Amino acid sequence: MAQDLASMASIATTLKYTPVDAIPAIASRIRNAFNTHKTKPIGFRLLQLRKLYWGIKDNEAAIVQACKQDLGKGVFETYLSEIDWCTNDIVFVTQNLEKWMRDEKAPDIPLANKLLNPRIRKDPLGAILIIGTYNFPVNLSLTPLVGAIAAGCTAVLKPSESAPTVAKVLQHIIETSVDASCYTVVQGAISETTALLEEKWDKIFYTGSANVAKIIAKKAAETLTPMTLELGGRNPAIVTKNANVKLAAKRLLWGKIMNYIMVDKEVLDPFVAEMRLVMKQFYPDGTKETDDFGRIVHGKQWTRLKQMLDSTKGRIVIGGDMDEDQRYMGPTVVIVDNPNDPLVAEESFGPLIPILPIDDLDTAIRIAGEVHRTPLGLYPFGNKQETERIMTETQSGGVSVNDALFHGVLPTLPFGGVGDSGHGAYRGRSSFDCFVHRRSVTSTPGWMEGLLDVRYPPYEGKLAKFKKMSELKPNFDRDGKVKFSLVSYILSLGTGSKTGGLVGYAIVFL
């Protein structure tokens, strides 16, 4: 094991970076491939997704080994958060793609305008740049690619150089499974990423830190290139005095994705006690020797986490063991007394779990807004009234009530940030939507010309006719109060719309 760990330090040098001077030609090839329109037919998209699926399946062992080598990630967690996540996403997308691609009828269209056949097409955006990250290096690289392929786009993937072994496996999968003229991998670090950003893309999808996102956003702004930014933030969990502390301790320790936990002082001691019990249940022989607990991605990140722990004024109540040579740091629970503590104020991306005791729910909601007003996730534990209030009085990209991360794993829910935790969303249907333009279309038949003559000059005597055809009458008075009309109520059958009324009457009579 020591030999394996020693060899990790040299892995980055074994990853062959793409020559910087080759990047413009690569980008041009990917743009030109989109202009051939070969990626637009559904048959092509489905074929590429199915081939990608088998590319992942055929390289499962290599993915497991790479995740172990780069991150110390165990077999079960690699399947849970990397392999099966991606393959299940592909299956879900292929089963629904035909439905998603269909033109949509425009909603709430007046009867007269229905003659124009208003509809919404889903057109692929074009050539996509995907920049991955290291903490879930397979999942957070391939799931955006799945969306780009499903949408009919071409794409370049730039995996994270901080997970070099995974990056090599991803390159092998893509080169041996999907159409090389439409999808390719560029390897590298700052210089190579900078060269990619010099090229014109139709969309950039970036997952990573806010600081790097600002650099990418500035560069994208030069060419008005749209972006999806999947960032992060100081994601809080809130455990109220009415929460099931046993369940909260178990689910939050498993999730490990919140940045800090605010716990009502009334249940602080039992919550910490439950966390100790759960640690024993999860890791009866400790976390250092088990394959179920990973390692810090590289020495620089380990040192950063150690400095955060050294600078806290909090009190370690669980864990604290570490080994720099193995880049190991055990789960470390620290009780802090100030929201400005480094463990709360900074996003750790590590196994540091600060607990901030609070007096009441008012305090928790206030602190959540002060630490980070728009985090990526929020994890409230309490009764229904409390969790509803937390959601009403806070903001976040998503919420998992009485759990950790569930809102981010369901393929029918969009996953993404809000404010400075990112913008845009993906996963399942949302991955498709992320890379398409919803193109509004109308078709005006020639026989309608007589109905349209009101729009042509001269306009003398036409205003009354125009207003009769187009003006909508409000259902409210000058005080903003809704007017009640018995006739409208009867026609709508109390549904609020004539369409709803027609449906209701049809049900009644049938």
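Two strands are taken to pair if DSSP finds at least two bridges between them. The legends below describe views of a predicted model.

**View 1. The open sheet built from strands 1, 2 and 18.** Strand 2, which covers residues 119–124, is joined to strand 18 by 6 bridges, and the two run antiparallel. Within this pair, R119 faces V441 of strand 18. The sheet as a whole contains 3 strands, arranged in the order 1-2-18 with antiparallel pairing. Strand 1 (104–105) and strand 18 (436–441) are its edge strands, each of them pairing on one side only.

**View 2. Helix 6 and its kink at Q95.** Helix 6 comprises 27 residues, from 75 to 101. From its first C-alpha to its last, the helix reaches 36 Å, close to the 39 Å expected at 1.5 Å a residue. A kink of about 45° interrupts helix 6, with its centre on Q95.

**View 3. The cis peptide bond between P457 and P458.** The bond that leads from P457 to P458 is cis, and its omega lies near 0°. P458 belongs to the loop that connects helix 18 (449–452) with helix 19 (463–470).

**View 4. H37, a residue with positive phi.** Although H37 is not a glycine, its phi is positive, at about 70°. The residue sits in the loop between helix 3 (23–35) and helix 4 (42–58). H37 counts as partly exposed because its relative accessibility is 44%, and partly exposed residues lie between the limits of under 20% for buried and over 50% for exposed.

**View 5. F349, a further residue with positive phi.** F349 is likewise a residue other than glycine, and its phi is positive, near 55°. The loop that holds F349 runs between helix 14 (342–345) and strand 14 (352–358). With a relative accessibility of 38%, F349 is therefore classed as partly exposed.

**View 6. The chain that surrounds these details, with 21 helices and 18 strands.** Taken along the principal axes, the box filled by the C-alpha atoms of the chain is roughly 90 × 60 × 45 Å. The chain has 510 residues, of which 48% count as buried. Its accessible surface comes to about 25800 Å², and 56% of that area belongs to carbon and sulfur atoms. Among contacts between residues at least 6 apart in sequence, 68% join residues at least 24 apart.

Definitions and conventions. Residues numbered from 1 in each chain as written. Predicted model: local features only at pLDDT ≥ 70, side-chain atom pairs only at ≥ 80, totals over all residues. Heavy atoms only, no water. Helix = DSSP H or I, 4+ residues; strand = E, 2+ residues; numbered from the N terminus. Expected span 1.5 Å × (residues − 1). Bend = angle between axes of the 7 residues up to and from the residue. Buried < 20%, exposed > 50% of the residue type's maximum accessible area, 1.4 Å probe, protein only. Contact = heavy atoms within 4.5 Å. Areas by Shrake-Rupley, 256 points an atom, 1.4 Å probe, with all protein chains shown as cover.
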